[in-house]
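Please look through the structure below with the sequence at hand. The report that follows takes up its strands, its pocket, its cysteines and several individual residues.

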Amino acid sequence: MKIFGDSISGNCLKVKWTADHLGLAYDWVETGVLKGETRTPGFLALNPAGQVPLVILDDGRPLAQSNAIILHLARGSDLIPRDPYLEARMLEWMFWEQYSHEPYVAVARFRIRYLGRDRADLDPDLLRRAEGALDHLEGALTAQDWLVGSTFSLADMALFPYTRFAPEAGFVLDKWPAVAAWVTRCETALGLPALGAPS
């Protein structure tokens, strides 16, 4: 299996971390968005949408969209609840992540960290919606350790990367203590050092 991904992207890292967590063999192909490497003819022949992550499965079939990829990789594993209702709740969080979390938290981070924008110059509505997403997570995690059920699942995997990177957009996670504690639990579950710690 080949994973085409950009290491600065939370969407790409969730695919990498899922594969690592499941012990799947893969070749990582670093594909820099800022370098235009997703717009080359060679890459567009693999994924006409010009986006990473992109996985080429062992049988040569391509699969794009981060949450679709991790769902495929994790079939039959403990990352997907056995209970049909809990699986649906997991999917609910995964859909919400791409619609109501990533477009705000990740976009704010990208503009500040990688485009060099001043936080004060960002659209206030973008920041408000990002804070609203973190508020929603805080509410869900105040009474439970994980987003769905009693163990780490794809719901957590989907929400973890860009929430972990939220401080890079100026969102101090101390304001959301349940979220901050959950980020630490996710790091432990995935065997990752705390962000900023030596790897």
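## Helix 1 and the residue Asn11

Helices here are DSSP runs of H or I with at least four residues, and they are numbered from the N terminus. On that basis Asn11 belongs to helix 1, in what should be read throughout as a predicted model. Asn11 is buried, because its relative accessible area is 11% and the cut-off for a buried residue is under 20%.

Asn11 can also be placed against a residue that is remote in sequence: Met157 is 146 residues away along the chain, and the two C-alpha atoms are separated by 10.0 Å.

## Strands 1, 2 and 3

Which way do strand 1 and strand 2 run, and how many bridges join them? Strand 1, made of residues 2–5, and strand 2, made of residues 27–30, run parallel and are joined by four bridges. Between these two strands the chain passes through helix 1, which covers residues 10–22, and the resulting β-α-β crossover is right-handed. Two of the residue pairs can be named, since Lys2 has Asp27 as its bridge partner in strand 2, while Gly5 has Glu30 as its bridge partner in that strand.

Strand 1 also pairs with strand 3, residues 54–56, and here the two strands run antiparallel, with three bridges between them. Lys2 takes part in this pairing too, with Ile56 as its bridge partner in strand 3. Lys2 therefore has a bridge partner in strand 2, Asp27, and a bridge partner in strand 3, Ile56, where strands count as paired if DSSP finds at least two bridges between them.

## The largest pocket

The largest pocket holds about 540 Å³ of space. It is lined by 21 residues, of which Ser9, Asn11, Val52, Glu102 and Tyr162 are the closest to its centre. Asn11, the buried residue of helix 1 described above, is thus met again among the residues closest to the centre of this pocket.

Which helix gives the largest share of the lining? That share, seven residues, comes from helix 4, which spans residues 84–114. Sorted by class, the lining consists of nine nonpolar, eight polar and four charged residues.

## Two backbone features

Val52, one of the residues closest to the centre of the largest pocket, is joined to Pro53 by a cis peptide bond with an omega of about 5°. Pro53 itself lies in the loop between helix 2, residues 41–46, and strand 3.

A second backbone feature is found at Gln65, where phi is near 75°, a positive value in a residue other than glycine. Gln65 sits in the loop between strand 4, residues 62–64, and helix 3, residues 66–74. Its side of the exposure scale is intermediate, as Gln65 is partly exposed with a relative accessible area of 44%.

## Cysteines without a disulfide

How many disulfides does the structure hold? The structure holds zero disulfides, and Cys12 is in none, the nearest cysteine sulfur being that of Cys186 at 19 Å. Seen from the other side, the sulfur of Cys186 has that of Cys12 as the closest cysteine sulfur, and the 19 Å between them is too far for a bond, because a disulfide requires a pair of cysteine sulfur atoms within 2.5 Å.

Are these cysteines buried or exposed? Cys12 is buried, with a relative accessible area of 0%, and Cys186 is likewise buried, with a relative accessible area of 0%.

## Around helix 5

Ala120 lies in the loop that connects helix 4 with helix 5, the latter made of residues 124–141. Ala120 is exposed, because its relative accessible area of 64% is over the 50% that marks an exposed residue. Its C-alpha atom is separated by 28 Å from that of Ala181, which is 61 residues apart from Ala120 along the chain.

Two residues within helix 5 complete the account. Asp125, found in this helix, is partly exposed with a relative accessible area of 29%, and its C-alpha atom is 16 Å from that of Phe110, 15 residues apart in sequence. Gly139, also found in helix 5, is exposed with a relative accessible area of 53%, and its C-alpha atom is separated by 25 Å from that of Arg119, 20 residues apart along the chain.

Notes: Residues numbered from 1 in each chain as written. Predicted model: local features only at pLDDT ≥ 70, side-chain atom pairs only at ≥ 80, totals over all residues. Heavy atoms only, no water. Buried < 20%, exposed > 50% of the residue type's maximum accessible area, 1.4 Å probe, protein only. 1 Å grid on protein atoms, 1.4 Å probe; cavity = no way out; pocket = protein on both sides within 12 Å on 5 of 7 lines; lining within 4 Å. Points joined across faces, edges and corners; volume = space filled by probe spheres on them. Nonpolar A, V, L, I, M, F, W, Y, C, P; charged D, E, K, R; others polar. Right-handed = clockwise from strand over helix to strand, strands pointing away.
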